[in-house]
Every structure is written in structure tokens, then in C-alpha cells.
Amino acid sequence: MNRFKSIKRLLKDFRIIICGLFILLLALTAIFAPIIAPHSFSQMNTLDRFSGPGPEFLLGTDEFGRDILSRLIHGARLTLIISLGAVAISSVIGTLAGLIAGYSGGWTENILMRLMDALFSFPPFLLAIFVIVFLGPSVINLILTIGLLYIPRFARIAHSSTLLVKELEYVEAAQALGASIPRIIGRHILPNIFAPIMVQMSLTLGAAVLLESGLSFLGLGPPPPTPSWGRMVQQSARFMQMSPYGIIWPSVIISLTVLSFNIFADAVRDNLDPRLRQ
Amino acid sequence: MKRNVLLTLTVLLLTAALLFPATQVFAEPQSGGTLRFGILRDPEGFDPHINYGTTSTAVQGNIYDTLIEYDENGEFRGALATDWEMEGDQTYIFHLREGVEFHDGTPFTSEDVIATLDRIKDPETNAARHGRIAGLFNYEAIDDYTVRIVLREPDATFLHDLASFTLYIVSARDIENGMNFNRETNGTGAFMLESWEPEGEYVFVRNPNYWQEGLPYLDRLIQIPFQDDQTRVNALISGEVDLIEYVPWQDFDYLDAEFSLFTHESLYNGIRLNHNREPFDQKEVRQAMNYIVDQQMALDLAFGGHGDIKSGPLQPAGSLFYQDELEGALLPDHEKAMELLAEAGYNSPAEVPPIEFTVAAIAVHSDTAEVVQEQLQAFGLRVNWRTVEVSTMIENRTSGAYVMQQDGLSMANPDPDYLRFLFHSRDGSNHSVGVNFENERLDELFEEGLKTIDYDERKAIYLEVEKLLIEESPWIFLFWRPQAEAAHPKVQGYTTVPGGLGMYNLSRFNQIWIDDSVQ
């Protein structure tokens, strides 16, 4: 009953509707990319270079005469796979680490959380560049690297929430009844710290999209011909004076995607946090 | 009434505008003025016998002179030597120009030539041409203005050595006094270095005692490094500089219309195939690659169609050894490629194992590679892209650690003998040595070509060389990529050297003058 109510409350917020729809649309585009894309993403065409938006190429073509729309659609696939993969890794490992640290306390907590602090102290972009240069750019490596970088975000939130929740009566009651530790953590603590973690997931998705685009922009993204938004911006930047479309569309899509994830996260937090609710 | 005045004024102005450019065509060179030149990077050093790269020749070449130099047609003309003759096949006699002075006033004589050759021969100098000069049989001064140089065996490329940058003549007295050539300068050239600061302005002034009467026209020449391509172009457009080198091709059309653009072909783009690695261990597969790739499309997409593919596999247009017969020898032919693959045992392109494609992360290589990758994949081959640093690409040339590598090369001189340093089994330090490429007939031809002096005979030899290279297909032969300098229209007298010698454009500023009537 309670769960149903909170979903209903979320759906009343227009920010969640708009951003949610955009994200849903992006996800569907990514899944059905080969069906939706009007052209091949790699087909080059000498005669159609730098064309502006028109009936044949809806958003225009780039310096190799490739259809920008088709490249954006296939790029969505890549960006979402990398971001979702990274967030899956960081949220699972991070939350688990935070829960264990928060619940057990003592040395375990100390070691786990100082490890997270160490990881957190690196500027994420620099660390990502370092790791990618070392491992070589590939989709798997990007997922692992970005995933690793965002583990502390989840660990910290799970840790602090666990510290609060584990003092509550129902946890004590479970302990008194002799419930096993995994059961206490899984059945009693995790569901009650899930809201802030969900908010963090949405925020981190936005950050991951930005980081992936940034790395691709620097030439550390997946190798061609796989289209990636960041690489599209980088390649087209040299031709800005000849045709601005190659740089405008991917930049707009990157901004919209990051913005959607961030606003979505904000709205979810506003609605689920009792203190922020009027 | 007012309208009439306006109309008259407009007509007058238009007439003036129409007449004015017409007068420029017949303008005589004017002396005086300053040329500000935007260069790619800091010149690093001044030692006239060390190769610091093309950008540095604009410093070295305007301060120093060589014995002979290339003219506007890429042929030899006298510089510090007025003329020369051969005695037999191996002995050259050079007659030196009289009355030439170094910047410090010391007269130039045969003693300076001998001291220069000695300095290059000295391993301590670390000179770029050390090997060539150390390999001479003998050189001596006959009198103050005559020098005799004797080779060990006939060598058709010897004069190119003498005309090349890094063989500039320095003063015997400076060598004796232990001058630091890397930081101090004293040449016979048109300009004298007045002041400089690293990454800042390099200021040159006119040499009043220059040996060419009335030259140079310019009073001052200032070179300023701009590393970023777009910044350099913008510096020209805004008027901060009057001339720039390394113009990115995206700006060719605009600069050609609004400014003066000087294009030339000096750098070659090709793709190395490692014949030790599958599937390129089969000659037919290597040949097929050359028939799959559409060079013109690659040039159109990667360089906007600027550049040159016409010239057989490896000679630039304008070269004396350009082989008309080979024009179009490498046009794409997918049917033929299919047949060749079938001969190699692959019934369809999909049966060929995936090919790893090594590409350096700079646009001049990665743009070309992206087009070629698409062409190969459209044909049905599987290509896996591997990004590397430029330094790795260069290392790979000698280590052979690649299957297929996007690469480029430049020519030190227009003689086709440069192919020896790629494809001769022992001298091929730039390719053969890395992948153990060996073709006995090619080796023979290279050695014969070096010893043959007669032009027609040599041309026939190098025709066979190029045919053999197409047959062996150690590379996917692509195109000469475009290079250009651009100048404000007021800059006159800039000349380009044809046949892949564009790097010598930048050491000929003695002919440049500024036309004040152009704004």
C-alpha cells in the first residue's frame, strides 16, 4: 500500500514524467537502434559531406558524409551500455561494501571506508585516463574503469544510511530474534536505505555518460567505426566552420541526457525524502 | 542632388578598385618591410648539420647556404659553388663563388668547405649526414676557390646530399674557435639572427653583404611559433602574421580565396602490411588489398580531395622520375580482388581472418585509416582498430610489431633512391628490416640505380622497381597528402619547389618582398 502511494506521488511530479520519458525514449532507441536508424552508421559518401538537415539526412551529415542521426542512435546504444554497466558494477559493489562496513563496524569498517576515501581522493577523470591508457580502450575496459571509479559514491551513502538504520528498534528486534546477519542486512536494512541509493544511481548514470563522452572526446573511447557521442564532437570540432551540425547535435544529446538523469535524481529525492516533502 | 554625388563617388571608387589590382600584376619587387611568419613549433636548435625537422629549416636555411641548391623546377643550381664538373664517374670539381662573406665579415673560401665536411665527418658532431660524408673516398682544396670531392663508387644521389639541408657551409674559423653552433649562428645566408627566445619571437635582420646583389628584399623576418593549427590560421586572418606554414586542409578553400595559398605534396600516406603475419603472408592477399581500397575516395574524405593520387605508387607529380606508364595502375577493382583472394584460398572476404589495424591517434593518420577501414569492411573483411601513440607507430617501423599499420613517409630528396631505405633487404631501415622483407631482384635494382648516372637508364630501372613494388604490395599505396603554406596577398615572391621538395620552400626567403599597395 505504502509503495503504491509513493509511486503515485512520483508520477505527479512533471519533472519525473518529462525526464523519465526522455530516458525511456533513449533506452528504446538504444535497444532498437538497427531498426530505427534510417541509414548505416558507417556508410561514407563523398558527395554528401557536410550536408545540413534535410529530408534525406534528418540531422545532416558529418565530414565523411555519414548520417549524423544514425550515428547518434547507435551512439546511444554504446553510451547507455557503458553507463549502465558501470553503474551496475559500482552500485552493487559500493552498496555491499557500505552495508558491511556500516553494520560490522570496527576494523572492517575502518579498512573498507579508508579504501573508499583513497579511491575518492583521485580526480575521476585523471584516474580514468590513466587506467584506459594502461588497459587500452574497449567497451569492457571502459565499463570496468568507470564502474570502479564510482564505487565510493555508493559505499559512502550505504555506509552512512546503514549506521542510522541499524540502531532502529526493528533491527534490534531482528537481532534479538536471532536472525542471521545476511538476513538482517538483506531483509531489514537494505530496503530501508534503498531510496538514497536509487537517487545516487540516477546521478551516477549522468556522471558516467559525461565521463564516457569526455574519454571518447580525448580519443580514449571505443575504437572506430563504433560511433560514440564524445568522439563525434571531437571529430567535428575541426570542421566547425564548414558545418556546425556535426558538433551541435551530439553536444545537445549529451547535455540533455546528463541533465535528464540529474533532474530525475533530484525529483526522486525530493519526493522520497520525508524531510523535503511538504 | 545628394544622390548624384553619392552615385558619382561610387562609380569613381569602383573604377579605382578595378584599376588598382591591374597595376599590381606588373609591380616591381620593393625592398624593405618586415615579414612575420607563423611557424608550427619552436625551432629547437640552430646547428646547421643537425636535423631538427622541417620547421627548423626555416631558421637554418635562411642563415646558411649550401654549395648547390634546388631551383623552382627542383633542379640543381649553384649557390656557394658557381658551377661544378665531373671527372669520370666518381670525381666532382666545385668552383666556389668569390667575394662571399660570412655575417661576421670573414671571407668564404675552400678552407670553409673542407672544415665543414670535417665537422660533419667528426662523430662528435652527431651530424645528420655523417654517414654520407664519412663514406667519401677523399675531399681536398685545390686552391682557395676550387674543391675536389672523390666518391668511393659512382653515386647518382651525391649532388642531392650536397643540396640538402643539414649540409650548410659554416666558417672554418668558428669551428676552430669552438663556437656553440646550437646556440650561435654565423652563415653566409640572406638573414642574420638578431635575437630570439625559446617559444617566442625569432628576429632576423637583412644581411647587408649578401652575395646576391639587391637581395634580400626584406629588412626583417620574424618567426613566431603557434602550435595549435587553428590559432596559427587565425593569426594569419587577424593580421598578426603575414605567412604561416602547415595550413590544415579544412582551411585551404577559404585561404585560397581570401589569401595566397601555396600547396605542395611532400608527405606520403600508406599502409604497411606485415608479410609475416596472417593473412598477409600470401602475396595475393596483399595485392587484393591494393585493389579493394579506393585511393581517390580516401583522399576526398580524409583530405577534402586536396593532394595527389595520380602518381603511380610512390613518385610525386613533378618528380623527374614520375612514371607516366604507371598512372592508374592501382585503381580499385573489386572483381580482381575477389579473384586474388580466391587464389589465396579464401572463397569470400568473410573467410579471411580478422585484421588488426594499428593507427596512431593523430588526425592525418586516423582520418585516412577510418575511410580505409570502412572500405575494407564494406568489402566484407573484418578489421579491428588498435589505437597507439605516435611514438609506438614509429617504433613499429623497425620492430615490425604490427599486422597492418597506417603510416606516412617524407622524402629527404627527390631521388627515387629513397625507396631503398624502405624496401632494400639490408638498407631498408624504415620497413624491410622491421619485417624481414626481401626481394632479390629489388635489391639488385636499387644497387644498380644508385651506381647508374645516366638519367634515362635510371628512369628505366626505377620503373621496374615500382612495378615490382606493385607486384609485391608490401604496402597499401595511398596518396601524397596535401601540405600548404598561406600568406597575406601582400607577400610576393614566395616559391614552391616541386617533386616532393616542399620542405625547401621555407629556406628561400631571400626572394620574398612585401607589396605595400596591397592592404
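This passage describes one helix, one buried residue and the cavities of a predicted model. Residues are numbered from 1 along each chain as its sequence is written, and chains are lettered from A in the order in which they are written. Local features need pLDDT of at least 70, and side-chain values use heavy atoms, without hydrogens and water.

Helix H8 of chain A (residues 151-165; helices are DSSP runs of H or I, at least four residues, and strands are runs of E, at least two, numbered from the N terminus) has 15 residues and reaches 21 Å from its first C-alpha to its last. Its buried residues (under 20% relative accessible area, 1.4 Å probe, protein chains only) include A:Ile151, A:Phe154, A:His159 and A:Val165. Among the elements that cover them are helices H4 (68-104) and H10 (181-217) of chain A.

A:Thr79 lies in helix H4 of chain A and is buried, with a relative accessible area of 0%. Not counting residues up to four places away in sequence, A:Thr79 is in contact (heavy atoms within 4.5 Å) with A:Val209, A:Glu212 and A:Trp229.

The structure holds four cavities of 30 Å³ or more. A cavity is a set of points on a 1 Å grid over the protein atoms alone where a 1.4 Å probe fits but cannot get out, and lining residues have an atom within 4 Å of a point. The largest cavity holds about 290 Å³ of space. Of its 24 lining residues, those closest to the centre are B:Gly61, B:Asp65, B:Glu69, B:Ser507 and B:Arg508. The second largest cavity holds about 70 Å³, and strand S16 (residues 475-487) of chain B gives the largest share of its lining, three residues.

Conventions: This is a predicted model: local features need pLDDT of at least 70, side-chain atom pairs count only at pLDDT 80 or more; totals for chains, interfaces and linings use all residues. The expected span of a helix is 1.5 Å times one less than its number of residues. Buried means under 20% relative accessible area, exposed over 50%, partly exposed in between (1.4 Å probe, protein chains only). On a 1 Å grid over the protein atoms alone, a cavity is a set of points where a 1.4 Å probe fits but cannot get out, and a pocket is an open set with protein on both sides within 12 Å along at least five of seven lines; lining residues have an atom within 4 Å of a point. Grid points are joined across faces, edges and corners, and a volume is the space filled by probe spheres set on the points.
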